[in-house]
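Me: I am new to this structure and would like a close look at a single part of it, with enough of the surroundings to place that part. Please take me through it slowly.

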Amino acid sequence: MNLFRKPGQIIWTPRMELLIFLVLCIPFYLLAIKFDFLESVFEFTRNHEEYELDETITTFVFISFASGFYTLRKLKDIKRANLEIKETNYRLQEALSEIKELRGIITICSVCRKVKIKDNSWQQLESYISEHTDAQFSHGICKDCRNRLYPEFSGDNN
């Protein structure tokens with residue numbers, strides 16, 4: 001799922017990259033034909049065989065094309081990685097916005113354990129925490145309260 005792709009935006013494929021590369025090479029090819037550039041290069045290398053320019057030029061041309069392809073591929077990879085980072089950041093921001101947390105001082109009754117809310121009314125602790133967090137409550141009875149309230153059930157088991 002691509003959240004940041006604009007409508008009508010082109011997704012680059014290797015076939016499209018090759019087509020664009022060929023289209024960009026055509027003007028160079030036409031200029032080379034018109035000015036007989038390659039023939040001039042070959043004649044120069046024949047006249048200066050001692051410099052071994054034909055191997056040097058061939059190597060240079062090969063390295064240039066290989067570098068061009070490598071650069072195009074790396075740019076595409078960088079764009080893809082940046083897009084993935086943007087999408088991940090977007091998902092993290094969404095997740096962060098859903099996190100509920102309590103902060104500050106909460107006034108609580110020391111007798112009944114109700115919480116004082118903004119309109120100066122009091123609310124049960126469980127419902128207050130449930131409204132302000134994603135916590136849910138389950139009720140039980142601790143051993144001390146069980147022994148005090150239900151002495152007939154007091155025993156060594158928990």
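Reply: Among the elements of the protein, strand β2, residues 122–124, has the highest mean pLDDT, 90, while helix α2, residues 37–47, has the lowest, 76. These values belong to a predicted model, and over the protein the average pLDDT is 80, with 87% of the residues scoring at least 70. As a general caution, predicted coordinates should not be read in detail where pLDDT is low.

To place the part that we will look at closely, it helps to have the order of the elements in mind. The protein has 5 helices and 2 strands, and along the sequence they follow the pattern α-α-α-β-β-α-α. Of the 158 residues in the protein, 9% are buried.

The part chosen here is helix α1 together with the surface patch that it helps to form. Helix α1 covers residues 14–34, and because each of its 21 residues is taken at 1.5 Å, with the count reduced by one, the helix is expected to span 30 Å. The C-alpha atoms at the two ends of α1 are indeed 30 Å apart, in agreement with that expectation. Along the way α1 has a kink of about 25° at I26, and this kink lies shortly before the proline P27. The buried residues of α1 are E17, F21 and A32. Just after the helix, D36 takes a positive phi of about 50°.

On the surface, a nonpolar patch of about 620 Å² is made by L18, L22, F60, V61, F65, F69 and L72. The elements that give two or more residues to this patch are α1 and α3, the latter running over residues 53–98. The largest share of the patch, 5 residues, comes from α3. One of the patch residues, F69, is found in helix α3, and F69 counts as partly exposed because its relative accessibility of 36% lies between the 20% limit for buried and the 50% limit for exposed.

Helix α3 also carries a contact of another kind, in which the side chains of D77 and R80 meet in a salt bridge, with 3.3 Å from N to O. This pair counts as a salt bridge because its distance is within 4 Å, and the count by this rule comes to 1 salt bridge. The two residues are 3 apart in helix α3, so they are separated by about one helical turn. Both partners fall in the middle class of exposure: D77 is partly exposed, with a relative accessible area of 29%, and R80 is partly exposed as well, with a relative accessible area of 39%.

Following the chain beyond α3, we come to residues whose backbone angles deserve a look beside that of D36. R113, in the loop between α3 and β1 (114–116), has a positive phi of about 70° although it is not a glycine. R113 is partly exposed, with a relative accessible area of 47%. In the loop between β1 and β2 lies N120, which is likewise a residue other than glycine with a positive phi, here near 65°. N120 counts as exposed, since its relative accessibility of 55% is over the 50% limit.

Later in the sequence, D144 has its place in helix α5, residues 143–149, and D144 counts as exposed at 61% relative accessibility. The C-alpha atoms of D144 and S154 are separated by 9.1 Å, and these two residues are 10 apart along the chain.

Returning to the part in question, helix α1 can be pictured as a 21-residue helix with a kink of about 25° at I26 and with E17, F21 and A32 as its buried residues, while on the surface α1 and α3 each give two or more residues to the nonpolar patch.

Methods:
Residues are numbered from 1 along each chain as its sequence is written. Side-chain values use heavy atoms; hydrogens and water are left out. Patches are made of residues with over 30% relative accessible area and no salt bridge: like charges are joined within 9 Å, nonpolar side chains (Val, Leu, Ile, Met, Phe, Trp, Tyr) within 5 Å. Accessible areas come from the Shrake-Rupley method with a 1.4 Å probe; for residues, only the protein chains shown count as cover. Helices (H or I, at least four residues) and strands (E, at least two) are DSSP runs, numbered from the N terminus. Buried means under 20% relative accessible area, exposed over 50%, partly exposed in between (1.4 Å probe, protein chains only). The bend at a residue is the angle between axes fitted to the seven residues ending there and the seven starting there. pLDDT is the predictor's confidence in each residue, from 0 to 100.
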